[in-house]
Amino acid sequence: MINNKIATLVAQYNHDMVAFRRDLHKHPELPFEEVRTTERIAQELDKLGIHYKRTEPTGIIAEIKGGKPGKTILLRADIDALPVKELNQTIDYKSTIDGKMHACGHDSHTAMLLTAAKVLNDIKQQIAGNIRFVFQPAEEIAQGAKAMIKQGVLEGVDNVFGMHIWSQTPVNKISCIVGPCFASADLLTIKFKGKGGHGSMPHDTVDAVMVASAFVMNVQSIVSREVDPLEPAVVTIGRMEVGTRFNVIAENAVLEGTVRCFNLDVREKIVLAIKRYADQVAAMYRATAEVDYVYGTLPVINEQRSALLAQSIIKQAFGESYLYQERPTTGGEDFSYYIENIPGTFVLLGSGNKTKDTQWAHHHGCFNIDEEAMAQGAELYAQYAWAYLNQDEF
């Protein structure tokens, strides 16, 4: 199933892969601002003679046509950084832009996929089918995948594969579970309006502080009392802005939060319950409520045959000990849009290593990766494409 030449080629390109990742790490760009990153990818593809097109406003779709006819597989990497201040002081490739950082490993995803493109380009005459390489912007705001889909990235695609470097998984471990692995991730804003007034005369007011506080305390019972306990779900209110002065009773309150789950029916039940709770709590205090619910990502649900194929490749390419079963996370991933209607799977590539100080959580200012994992990631991209396109059962 695997191609032994792929590992040899990855090893040849490993030095350049690490250097490319470090270059991107030094020059992070926020969602839909990845102009330099896009240009750097394009420069490398030009050297290889790989056909590509730029997407708007940033990002690239490249494609290699194999020497024999066959299906089309899509390999995806995200390219954007975060508005996070880098706290790493001992690395010589730390961010050169204050307040911006590749704190989620997308720099490594880009470098690994580009290396896989180099490898597959070298053996393209042996490949039955086509490989589409997607360098996607704006994953961190859950907008990039939808933007690329609107620009035709899924046309003619038969299978989709992606991965994420993962600091909570030990290095030399790779997880690909069947079924849900990432949750849907939505945003909500709730605005309560009362009647402000002087702090000494509460009887003449409708206190938005009381309304907001009652909502926050009660809304958790949606998960504990209205959702099946066998269905994981999270409702978090992460921000509350209310009041203007110590002796003024607040007229307005604005709350922001997120909802996460793995089941779309559960998601809809939670949405309706949040609106009901907001309206009822507001009515109890003679206030009004306005709920703005924004659907973010879908849950990432790995299709069984694709996930089992990835598991088999992991064991064959790296050994039985590498296959790891990471628990599903309620984090969100807009990779979900690629596999909404097309079979595919998503892998977590372990990079946690305390001896190299790479165990920090994603989005933390000290986040970094064990770069030894990158060769595994690049090979896995290439091996999955090879195996999928060159076996009959798919």
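User: Which residues line the second largest pocket?

Analyst: They are His-51, Tyr-52, Lys-53, Ile-61, Ala-62, Glu-63, Lys-65, Arg-132, Gln-151, Gly-152, Val-153 and Glu-155. Keep in mind that this is a predicted model. The pocket has a volume of about 200 Å³.

User: What makes a residue count as part of the lining?

Analyst: It needs an atom within 4 Å of a point of the pocket. His-51 is in the lining of the second largest pocket, so at least one of its atoms passes that test.

User: How do the residues of that lining divide into nonpolar, polar and charged?

Analyst: For the second largest pocket, you get four nonpolar, three polar and five charged. Gly-152 is one of the lining residues, and Gly goes with the polar ones by definition.

User: Which strand gives the most to this lining?

Analyst: That's strand 2, with four residues. Strand 1 (51-54) and strand 2 (60-65) each supply at least two.

User: How do you know that strand 1 and strand 2 pair?

Analyst: Count the bridges. Pairing takes at least two of them, and strand 1 and strand 2 have four, in the antiparallel sense, so they qualify as a pair. One example is Arg-54, whose bridge partner in strand 2 is Ile-60. In general, strands of a sheet pair through backbone hydrogen bonds.

User: Why is strand 1 called an edge strand?

Analyst: Look at the sheet it sits in. Eight strands form an open sheet in the order 1-2-4-3-5-16-6-15, with mixed pairing. Strand 1 and strand 15 (323-324) each pair on one side only, and that is what puts them at the edges.

User: OK, now the largest pocket. What is its volume?

Analyst: About 430 Å³. There are 22 lining residues, and those nearest the centre are Glu-140, Arg-260, Gly-331, Gly-332 and His-363. Strand 5 (159-170), strand 8 and strand 12 are the elements that give two or more residues to this lining. By type, the lining of the largest pocket has seven nonpolar, 10 polar and five charged residues.

User: What makes you say strand 8 is mostly covered?

Analyst: Strand 8 covers residues 184-193, and seven of its 10 residues are buried. Each of those seven has a relative accessible area under 20%, because that is the cut-off for buried.

User: Which strands does strand 8 pair with, and how do you know?

Analyst: Bridges again! Strand 8 shares 10 bridges with strand 12 (residues 252-261) and eight with strand 13 (residues 288-297). Both pairings run antiparallel. The cut-off is at least two bridges, so both counts clear it. Towards strand 12, Lys-191 has Val-254 as its bridge partner, while towards strand 13, Leu-187 has Val-294.

User: Why is Glu-44 called buried?

Analyst: Its relative accessible area is 10%, and buried means under 20%, so Glu-44 fits the label. Glu-44 sits in helix 2 (residues 35-48). Setting aside neighbours within four places in sequence, Glu-44 is in contact with Phe-20, Leu-114 and Lys-118.

User: What makes the link between the side chains of Glu-44 and Lys-47 a polar contact?

Analyst: The separation is 3.1 Å. A polar contact needs N or O atoms within 3.5 Å, one able to donate a hydrogen and the other to accept it. This pair is listed as such a contact.

User: And Asp-23, buried or exposed?

Analyst: Buried. Asp-23 has a relative accessible area of 17%, and that counts because the cut-off is under 20%. Asp-23 lies in helix 1 (residues 4-26) and, leaving out neighbours within four places in sequence, is in contact with Arg-36 and Arg-40.

User: How do you know whether Gly-243 is buried, exposed or partly exposed?

Analyst: Gly-243 comes out at 43% relative accessible area. Buried is under 20% and exposed is over 50%, with partly exposed in between, so Gly-243 is partly exposed. Gly-243 belongs to the loop between strand 10 (233-242) and strand 11 (248-249). Not counting residues up to four places away in sequence, Gly-243 touches Ala-250 and Asn-252.

How values were computed
Residues are numbered from 1 along each chain as its sequence is written. This is a predicted model: local features need pLDDT of at least 70, side-chain atom pairs count only at pLDDT 80 or more; totals for chains, interfaces and linings use all residues. Side-chain values use heavy atoms; hydrogens and water are left out. Buried means under 20% relative accessible area, exposed over 50%, partly exposed in between (1.4 Å probe, protein chains only). On a 1 Å grid over the protein atoms alone, a cavity is a set of points where a 1.4 Å probe fits but cannot get out, and a pocket is an open set with protein on both sides within 12 Å along at least five of seven lines; lining residues have an atom within 4 Å of a point. Grid points are joined across faces, edges and corners, and a volume is the space filled by probe spheres set on the points. Contact means heavy atoms within 4.5 Å.
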